[in-house]
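Here are some exercises to work through with a structure open beside you. Try each task before you read its solution.

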Amino acid sequence: MIRSSHVPIAPNHHPLTIPANLTAGGNEPPMSSPITVAGVTLDVEEAGSGRPLLFLHPGEGLQANRPWLAALAKTHRVIAPNHPGFGNSSLPDWFGTVDDIAYLYLDLVKQLGLKNAILAGNSFGGWLAAEIAVRNTEA
């Protein structure tokens, strides 16, 4: 196993252990693959197994959240898309509001067949998660 650098969250807190399937050396991203949803190519990273968890990153991107994603992947199937315009995800001309992103991710959940998925987000991703939750008519 590869160990991350110490993340000081609380006194006597131990560093997170990043599973080998998440990194090949240091803080590199897990395996990613492009998925086209509603004409938008999303760069989606996935790791772990178990109940699906859709993680929506903050404005600084997925990189800053690698330790959290690694911890979540120990018990969940983590699906972490780069938002449109981030990473290798495309940014269509028709994107104009948070509504557009929320509906895009609802389409992603449907396309991937995610049932009983946990929706989690950090900062901007948390706002997106709330916007998705109020639009989800299948819950």
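The exercises below deal with salt bridges, nonpolar cores and two single residues in this predicted model.

**Exercise 1. Find what joins Glu-45 and Arg-66, and work out whether each one is buried or exposed.**

Step 1. Start with the side chains: those of Glu-45 and Arg-66 form a salt bridge, with 2.9 Å from N to O. That sits inside the cut-off of 4 Å.

Step 2. Now place the partners. Glu-45 belongs to strand 4, residues 40–47, while Arg-66 is in helix 1, residues 66–73. They're 21 residues apart, so this pair links distant parts of the chain.

Step 3. Check the accessibility. Buried means under 20% relative accessible area. Glu-45 has 5%, so Glu-45 is buried. Arg-66 has 8%, so Arg-66 is buried too.

**Exercise 2. Work out which residues share a salt-bridge network with Arg-135.**

Step 1. Look at Asp-99 to begin with. Its side chain meets that of Arg-135 in a salt bridge of 2.3 Å, N to O. Arg-135 lies in helix 3 (residues 124–135) and Asp-99 in helix 2 (residues 98–112), so the bridge ties together parts 36 residues apart in sequence.

Step 2. Go on to Glu-131, whose side chain also forms a salt bridge with Arg-135, this time at 2.6 Å, N to O. Both Glu-131 and Arg-135 are in helix 3, four residues apart, or about one turn of the helix.

Step 3. Put the two bridges together: through shared partners, Asp-99, Glu-131 and Arg-135 become one network.

Step 4. Add the exposure. Arg-135 counts as buried because its relative accessibility is 17%. Asp-99 comes out at 31%, so Asp-99 counts as partly exposed.

As a tally, the model has four salt bridges.

**Exercise 3. Describe the largest nonpolar core and say which element gives the largest share of it.**

Step 1. Some background: in soluble globular proteins, nonpolar side chains tend to be buried together.

Step 2. Here, the largest nonpolar core has 20 residues, and Leu-42, Leu-56, Tyr-105 and Leu-108 have the most contacts inside it.

Step 3. Sort out the contributors. Strand 3 (32–37), strand 4, strand 5 (51–56), helix 2 and helix 3 each give two or more residues. Helix 2 gives the largest share, seven residues.

Step 4. Don't miss the other core, which lies apart from this one: it has eight residues, including Leu-53, Phe-55, Ala-73 and Ala-80.

Step 5. Zoom in on Leu-56. Leaving out residues up to four places away in sequence, Leu-56 touches Pro-81, Tyr-105, Leu-119 and Ile-132, among others.

**Exercise 4. Decide how exposed Asn-116 and Thr-36 are, and find what each one touches.**

Step 1. Asn-116 sits in the loop between helix 2 and strand 7 (118–121). Its relative accessibility is 59%, so Asn-116 counts as exposed.

Step 2. Beyond residues up to four places away in sequence, Asn-116 touches Arg-51 and Pro-52. The C-alpha atoms of Asn-116 and Leu-53 are separated by 9.0 Å, though the two are 63 residues apart along the chain.

Step 3. Thr-36 is in strand 3. At 48% relative accessibility, Thr-36 counts as partly exposed.

Step 4. Setting aside neighbours within four places in sequence, Thr-36 contacts Thr-41 and Gln-111. From Thr-36 to Ser-90 the C-alpha distance is 9.6 Å, with their positions 54 residues apart in sequence.

Note on methods:
Residues numbered from 1 in each chain as written. Predicted model: local features only at pLDDT ≥ 70, side-chain atom pairs only at ≥ 80, totals over all residues. Heavy atoms only, no water. Buried < 20%, exposed > 50% of the residue type's maximum accessible area, 1.4 Å probe, protein only. Core = buried A, V, L, I, M, F, W, Y, C linked by side-chain atoms within 4.5 Å. Contact = heavy atoms within 4.5 Å.
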